[in-house]
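Biologist: Before I plan anything around this protein, I would like to go through its structure with you, one question at a time. Could you show it to me?

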Amino acid sequence: MYTDGITELINRKGKTFGEQRLKDLVIKNENKKSEELTEIILEEIAKFSRKVNLEDDMTLAVIKKI
């Protein structure tokens, strides 16, 4: 679960993080524990944004079925 602040995050080049990028990260790391997947997503967001001023709040919750 996430808020649009993540997918609508815009980098310095004017590109959005996007739903597809988030989906690809989840699929690529689907075997990771929820804590690991959360860290991976947060790291990718940080790399993508590169200290851009955030204009929207971001919420992320990773829940895995066991």
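Modeller: Contact here means heavy atoms within 4.5 Å. Please keep in mind throughout that this is a predicted model.

Biologist: With that in mind, which residues is Ile-45 in contact with, leaving aside its neighbours within four places in sequence?

Modeller: Ile-45 is one of the residues of the largest nonpolar core, and it is also among the buried residues of α3. Leaving aside neighbours within four places in sequence, the residues in contact with Ile-45 are Ile-6, Leu-9, Phe-17 and Met-58.

Biologist: Which element gives the most residues to the largest nonpolar core?

Modeller: That core is made up of 10 residues, namely Ile-6, Leu-9, Phe-17, Leu-22, Leu-25, Leu-37, Ile-40, Ile-41, Ile-45 and Phe-48. Two or more of them come from each of α2 (19-28) and α3 (34-49). With five residues, the element that gives the most to this core is α3.

Biologist: How far apart are the end C-alpha atoms of α3, and what span should its residues have?

Modeller: Helix α3 has 16 residues, and at 1.5 Å a residue these should span 22 Å. The separation of the end C-alpha atoms agrees with that expectation, because it too is 22 Å.

Biologist: How wide an arc do the buried residues of α3 cover around the axis?

Modeller: The buried residues in question are Leu-37, Ile-40, Ile-41, Ile-45, Phe-48 and Ser-49. They are on the same side of α3, because the arc that they cover around the axis is only 155 degrees.

Biologist: Which elements do the buried residues of α3 pack against?

Modeller: One example comes from Ile-41, a buried residue of α3, which is touched by Leu-22, a residue found in helix α2. Another is Ile-45, which is in contact with Ile-6, and Ile-6 is found in helix α1. Taken together, the buried residues of α3 pack against α1 (4-7) and α2.

Biologist: Is Leu-22 buried or exposed, and what is its relative accessible area?

Modeller: Not counting residues up to four places away in sequence, Leu-22 touches Tyr-2, Ile-6, Thr-7, Phe-17 and Ile-41. Buried means under 20% relative accessible area, so Leu-22 counts as buried, its value being 5%.

Biologist: Ile-6 came up twice; what is its relative accessibility?

Modeller: Ile-6, in helix α1, is in contact with Phe-17, Leu-22, Ile-45, Met-58, Thr-59 and Leu-60 once neighbours within four places in sequence are left aside. Its C-alpha atom is also 8.4 Å from that of Asp-56, although the two residues are 50 apart in sequence. Ile-6 counts as buried, because its relative accessibility is 2%.

Biologist: Which two residues form the aromatic pair, and what is the angle between their planes?

Modeller: The structure holds one aromatic pair. Its members are Phe-17 and Phe-48, which are 5.3 Å apart centre to centre and edge-to-face, with 85 degrees between the planes.

Biologist: How many residues apart are Phe-17 and Phe-48?

Modeller: Both Phe-17 and Phe-48 are buried. The pair links distant parts of the chain, with Phe-17 in the loop between α1 and α2 and Phe-48 in helix α3, and the two are 31 residues apart.

Biologist: Turning to charge, which residue forms a salt bridge with Glu-44?

Modeller: Side chains of opposite charge can pair when their charged atoms come close. The count comes to one salt bridge. Both of its members are partly exposed, Glu-44 with a relative accessible area of 27% and its partner at 48% relative accessibility. They are three residues apart in helix α3, and therefore separated by about one helical turn, and with the closest N and O atoms 3.2 Å apart the partner of Glu-44 is Lys-47.

Biologist: Which residues does Asn-29 touch, not counting residues up to four places away in sequence?

Modeller: Asn-29 lies in the loop between α2 and α3 and counts as buried, because its relative accessibility is 10%. Not counting residues up to four places away in sequence, those that it touches are Leu-37 and Ile-40.

Biologist: Finally, what separates the C-alpha atoms of Ser-49 and Leu-9?

Modeller: Ser-49 is found in helix α3 and counts as buried, at 9% relative accessibility. Ser-49 and Leu-9 are 40 residues apart along the chain, and the separation of their C-alpha atoms is 7.3 Å.

Methods. Residues numbered from 1 in each chain as written. Predicted model: local features only at pLDDT ≥ 70, side-chain atom pairs only at ≥ 80, totals over all residues. Heavy atoms only, no water. Core = buried A, V, L, I, M, F, W, Y, C linked by side-chain atoms within 4.5 Å. Buried < 20%, exposed > 50% of the residue type's maximum accessible area, 1.4 Å probe, protein only. Helix = DSSP H or I, 4+ residues; strand = E, 2+ residues; numbered from the N terminus. Expected span 1.5 Å × (residues − 1). Arc of directions from axis to C-beta. Salt bridge = Lys/Arg side-chain N within 4 Å of Asp/Glu carboxyl O. Phe/Tyr/Trp six-rings, centres within 6.5 Å; stacked < 30°, edge-to-face > 60°.
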